[in-house]
Amino acid sequence: MSVAENLNLVKAEIPATVTLVAISKTNSPEKIMEAYRSGQKIFGENKVQELVPKYEQLPKDIQWHMVGHLQSNKVKYIAPFVQLIHSVDSLGLLIEINKQALKNNRIINCLLQVYIASEETKFGLDQTELTALIHSNELDRLKNIEIVGLMGMASFTNNPETIKSEFRSLVSIFHSLKSGIFKDKPNFKELSMGMSSDYLLAIQEGSTMVRVGSKIFGERHYSV
Ligand SMILES: *Cc1c(COP(=O)(O)O)cnc(C)c1O
């Protein structure tokens, strides 16, 4: 199956209200262009060193999302162009993103990554850290970032009940923030949840943004 065929199959399953982010990590610019020519304009990468050269080489109407763990010292390389950072997991990172956004005279949209999986290896804020971050006095001073929602990753498991309950916990956090501390912020509306193996489940549970890689580009040949 070609990238274009895979992409069309995925798109056919996703409601028009849900944003598809094609996760192109480890895939060549040629493969990305196949998806681009089929109409896909939003791509996501998980490493700064892969994202920057792809941004430089590929058409400028592509919207690039950063979905992987981001170190503060690398924010400056993506700040001129990144459309959305899914993986904000500390106040320090948010402060650095704000600083670099200001230097570039832009506002950078961010999602707070919330830890919902039962595995030790997943990045993200736990409930206590999330609460501390959103109540921090510093947040109001960060005029060059906007928190537009949450991101989460379910456990790596075949058990749909586990995945569903992890998604539900994220949805419930999302709704309580949306009707609470973010109630006057209409742009707080995105829930980035769902990958190749679980995006249908994620959409059922209320995802607004799915991050699909291998189902579009084929299996990656090394682990990430
Ligand atoms: C790789 C990756 C994805 C996509 O994974 P697939 O299983 O290939 O769809 C989604 N989100 C993040 C954060 C990733 O690193």
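Here are some worked exercises on a predicted model.

## Exercise 1: The aromatic cluster

Work out how the ring pair Phe 174 and Phe 188 is arranged, and which parts of the chain the pair ties together.

*Step 1.* Start with what to look for. A pair of aromatic rings is described by the distance of the centres and the angle of the planes.

*Step 2.* Get those two values for Phe 174 and Phe 188: 5.4 Å centre to centre, with 25° between the planes. Planes under 30 degrees apart count as stacked, and that is the label this pair gets.

*Step 3.* Now place the two residues. Phe 174 sits in helix 7, while Phe 188 belongs to the loop between helix 7 and strand 7 (190-193), so the pair links parts that are 14 residues apart in sequence.

*Step 4.* Try a second pair, Phe 182 and Phe 188. The ring centres are 4.0 Å apart and the planes make an angle of 5°, so this pair is stacked too.

*Step 5.* Check burial. Phe 174 and Phe 188 are both buried. For Phe 188 the relative accessible area is 0%, and for Phe 182, also buried, the value is 9%.

*Step 6.* Put the rings together: Phe 174, Phe 182 and Phe 188 make one aromatic cluster. Across the structure there are four aromatic pairs.

## Exercise 2: The second largest pocket

Describe the second largest pocket by its volume, its lining and the kinds of residue in that lining.

*Step 1.* Volume comes first: about 370 Å³ of space.

*Step 2.* Next, the lining. There are 14 residues in it, and those nearest the centre are Leu 139, Asp 140, Ile 147, Phe 182 and Lys 185. Phe 182 should ring a bell, as a member of the aromatic cluster.

*Step 3.* Which strand gives the most to the lining? Strand 6 (residues 145-153) does, with three residues.

*Step 4.* Sort the lining by kind and you get seven nonpolar, three polar and four charged residues.

## Exercise 3: Two nonpolar cores

Find the residues with the most contacts inside the largest nonpolar core, then look at what surrounds one of them.

*Step 1.* The largest nonpolar core holds 65 residues, and Ile 78, Leu 94, Leu 112 and Leu 150 have the most contacts inside it. Helix 7 (residues 160-178) gives the most to this core, with seven residues.

*Step 2.* Zoom in on Leu 94 and skip its neighbours within four places in sequence. What's left is contact with Val 88, Cys 110, Leu 112, Leu 133, Leu 139, Leu 142, Ile 145 and Ile 147. Leu 139 and Ile 147 also turn up among the residues nearest the centre of the second largest pocket.

*Step 3.* There is also a second, separate core of nine residues, including Ile 23, Val 67, Met 151 and Met 209.

## Exercise 4: Positive phi

Take the non-glycine residues Thr 26 and Asn 105, and say where they lie and whether they are buried, partly exposed or exposed.

*Step 1.* Thr 26 has a positive phi of about 70°, and it is found in the loop between strand 1 (19-23) and helix 2 (29-37).

*Step 2.* Its relative accessibility is 26%, so Thr 26 counts as partly exposed.

*Step 3.* For Asn 105, phi is positive as well, near 55°. Its loop runs between helix 5 (91-103) and strand 5 (108-115).

*Step 4.* A relative accessible area of 71% makes Asn 105 exposed.

## Exercise 5: Around helix 3

Identify the buried residues of helix 3, what covers them, and how the loop residues Asn 27 and Ile 62 make contacts.

*Step 1.* In helix 3 (residues 48-57), the buried residues are Val 48, Glu 50, Leu 51, Val 52 and Lys 54. Their cover includes helix 2, strand 2 (42-45), strand 3 (63-66) and helix 4 (75-78).

*Step 2.* Asn 27 lies in the loop between strand 1 and helix 2, and at 12% relative accessibility it counts as buried.

*Step 3.* Not counting residues up to four places away in sequence, Asn 27 touches Ile 32, Glu 50, Lys 54 and Phe 217. Glu 50 and Lys 54 are among the buried residues of helix 3.

*Step 4.* Ile 62 has its place in the loop between helix 3 and strand 3, and is buried at 6% relative accessible area.

*Step 5.* With the same sequence neighbours left out, Ile 62 touches Tyr 36, Lys 41 and Phe 43. The C-alpha atoms of Ile 62 and Tyr 36 are separated by 8.2 Å, with their positions 26 residues apart along the chain.

Notes. Residues are numbered from 1 along each chain as its sequence is written. This is a predicted model: local features need pLDDT of at least 70, side-chain atom pairs count only at pLDDT 80 or more; totals for chains, interfaces and linings use all residues. Side-chain values use heavy atoms; hydrogens and water are left out. On a 1 Å grid over the protein atoms alone, a cavity is a set of points where a 1.4 Å probe fits but cannot get out, and a pocket is an open set with protein on both sides within 12 Å along at least five of seven lines; lining residues have an atom within 4 Å of a point. Grid points are joined across faces, edges and corners, and a volume is the space filled by probe spheres set on the points. Helices (H or I, at least four residues) and strands (E, at least two) are DSSP runs, numbered from the N terminus. Ala, Val, Leu, Ile, Met, Phe, Trp, Tyr, Cys and Pro count as nonpolar, Asp, Glu, Lys and Arg as charged, and the others, Gly among them, as polar. A nonpolar core is a set of buried Ala, Val, Leu, Ile, Met, Phe, Trp, Tyr and Cys residues joined through side-chain atoms within 4.5 Å. Buried means under 20% relative accessible area, exposed over 50%, partly exposed in between (1.4 Å probe, protein chains only). Contact means heavy atoms within 4.5 Å. Rings of Phe, Tyr and Trp (its six-membered ring) pair if their centres lie within 6.5 Å; planes under 30 degrees apart count as stacked, over 60 as edge-to-face and the rest as tilted.
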